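I opened this notebook to keep track of what I looked up, entry by entry, for someone who has not met the structure before.

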Amino acid sequence: MTKDKAQGIARGLTNYGDAAFSKYLRRSFASSMGYSREMLDRPIVGIAQSGSGFNNCHRHFPEMIEAVKRGVLAAGALPIDFPTISLGEVFVSPTSLKFRNLMSMDVEEMVRAQPMDSVVLLGGCDKTVPAQLMGAMSANLPAVQLVAGPMSTGRHKEHRLGACTDCRRFWQQFRSGQIEQEEIDTVERKLASTAGTCAVMGTASTMASLTEAMGMMPAYGAAIPAVSADRLRMAEETGRLAVELIGSERRPRSILTQEALENAVTVLLALGGSTNAVLHLAAVAGRVGLDLDLRKLNEISDRTPVLVDLKPTGQFYMEDLHYAGGIPAVMRELRDILHLDVPTVTGETIGDRIEAADDWVDRNVIAPASNPLRETGGLVALYGNLAPNGAILKRSAADPSLFETEARAVVFSSLEDLAERIDDPDLDVTAEDILLLQNAGPTSKAAMPEAGYLPIPKKLARQGVSDMVRISDARMSGTAYGTIVLHVSPDAASGGAIGLVRTGDRIRMSVANRTLELLVSEQELDARRGAMPDAKPEARRGYDWLYAKHILQAEDGCDFDFLVDRE
């Protein structure tokens, strides 16, 4: 551990015009918290933690914080935890994505402003880990990520349950009349049975896995169950590591290189992970001046097999992935297409980490690269006049019979329009149509919610229809499934072509050709564009104003333009 000239409590002194007085005053106030002089002479590890009564995923954080502190104290430093904004996915309106950038600013500024020599980032729920990584990349203080871990599964009759893929499965059965109100009420109480993040390969689990893959946490840190004693031991190890990082050059910007980003994308595709991860990786990469090129993602997807059999695309859960060998076992299968010399926050390379991993693997959960679940990656980007800047399809969660489709569009102009008409028995729709939602993108009032999982119209669901092509400028929960095209860019609210589609227009999607085309002439589209009424400016204030003024499109990760590293 290298000592800086200004370390611990003496870092970044509040300026009163007298440095000696500033230090004296700070130490006197710190003493009021009961710290001894010996403790105040130690370097400080900050613990940026996002626990909240509005975040069920993080309810075990007090115990995890104590474990981190044990590790820090044992390694000779002083741990000090501090709160940041917390984003409990289902408790935030209109959507947690709108506040991810705000949380990232909170993390960045508090890490930079408060006296700490390194920081442990303690998060888990969908947007908290991306926000912490974004803030850490910008602050560039030595940092290591620690996650909540996945919740354990529950049971209902013969069913194993893990929020929230199973919640969607049962809700679809309820909408189609297969189960009654009493049973859906029973399932509701059993879906989320412990602390921790969703038990499937949703956004939280995906981002935890990609953080491990890019080297920002120790090996096996992503998948240990939240309730396991191993999760607390990982927290303690993370505290020790945070002390080791003090004074080192193992800072976030040295870890997230272009090669590390490509490793993360490769693992995302092999996991069949959340579409949200594309947004988050783009945003994290943008903080260090890197681009997540969607055409490059397609190249990687063409050579990356899907190896992990987890819901929503498979049958197992995150706790099964941990006991099957975890992310190191997945990366070992991918070693021929990974950058192995990429450094990690622990000091080893990715290649070293793979070699050190346990040889045993549960092949029920993690398939070998020689016999993958699917030959190509879980996600693919589509381009065309409907999505000039790209759109995302999670093909591993989709119906291959719909990959090459030309069909009539049934258009919903907003979330309100969708809610009002989707279950109307008189809705003019067939199973062969394409459902299209407008004005749910990042620049809309809705602020890009997870509304891309458009429900199957009730009258079709009751006929047994379980999937249709659905297109929107919105997002989709990582726990969802279906043939759903998301993140269409530019979005409708910013003038994108998706906002010009009318019911009855024909759309052609070709996954083979990576295309998404609106079969309407440019002359007609120009006429529609010219007939669009001018948008009336809304009175906004505070963060709502900041968001509306500076939000970027999906391909740039929906970060704020002034936070991206343009150098």
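Where is the place of P312? I found P312 in the loop between helix 13 (294–303) and helix 14 (318–324), and I noted at the outset that the model I am reading is a predicted one.

**Entry on cis peptide bonds.** I looked up P312 for the bond before it: K311 and P312 are joined by a cis peptide bond, with omega at about 15°. I then turned to S489 and P490, where the peptide bond is cis as well, with omega near 0°, and I placed P490 in the loop between strand 12 (484–489) and strand 13. I wrote these down because most peptide bonds are trans.

**Entry on positive phi.** I looked next at the loop between strand 10 and helix 18 (458–461), which holds N439. I read a positive phi of about 60° for N439, although this residue is not a glycine. A447 lies in the loop between strand 10 and helix 18 too, and A447, also not a glycine, has a positive phi of about 60°. I kept both in the notebook because most residues other than glycine have a negative phi. Is A447 buried or exposed? I found that A447 counts as buried, since its relative accessibility is 1%, whereas N439 is partly exposed, with a relative accessible area of 30%.

**Entry on strand 9.** I went on to strand 9 (residues 404–412), which is mostly covered, seven of its nine residues being buried. Which strands does strand 9 pair with, and in what sense? With strand 13 (residues 506–510) I found antiparallel pairing over five bridges, and here E406 stands opposite R508 of strand 13. With strand 10 (residues 434–437) the pairing is parallel and runs over four bridges, and on this side V410 stands opposite L435 of strand 10.

**Entry on the open sheet.** I then followed a sheet of four strands, which is open, has the order 2-1-3-4 and is paired in the parallel sense. Strand 2 (78–83) and strand 4 (143–147) each have a single partner strand, so I entered them as the edges, with one side of each left without a neighbour in the sheet. From one strand to the next, the twist averages 20°. Within this order I looked up strand 1 (residues 44–49) and strand 3 (residues 118–123), which run parallel and are joined by five bridges; for Q49, the bridge partner in strand 3 is L122. Helix 5 packs on the sheet, where it touches strand 1, strand 3 and strand 4, and its direction makes about 160° with that of strand 3.

**Entry on helix 5 and helix 12.** I stayed with helix 5 (residues 128–139) and found that its axis and that of helix 12 (residues 276–286) come within 8 Å and cross at roughly 15°. I therefore entered helix 5 as roughly parallel to helix 12, an angle under 35 degrees being what counts as such. The crossing of the two helices is right-handed. Which residues make the contact? From helix 5 I listed P130, L133, M134 and M137, and from helix 12 I listed H280, A283 and V284. Sorting the residues of this contact, I have six nonpolar, one polar and no charged.

Note on methods:
Residues numbered from 1 in each chain as written. Predicted model: local features only at pLDDT ≥ 70, side-chain atom pairs only at ≥ 80, totals over all residues. Heavy atoms only, no water. Axes fitted to C-alpha atoms, helices over the stretch in contact; angles between N-to-C directions. Parallel < 35°, antiparallel > 145°, perpendicular 65-115°, else oblique. Left-handed = near helix turned anticlockwise from the far one by under 90°. Contact = heavy atoms within 4.5 Å. Nonpolar A, V, L, I, M, F, W, Y, C, P; charged D, E, K, R; others polar. Buried < 20%, exposed > 50% of the residue type's maximum accessible area, 1.4 Å probe, protein only. Pairing = 2+ DSSP bridges.
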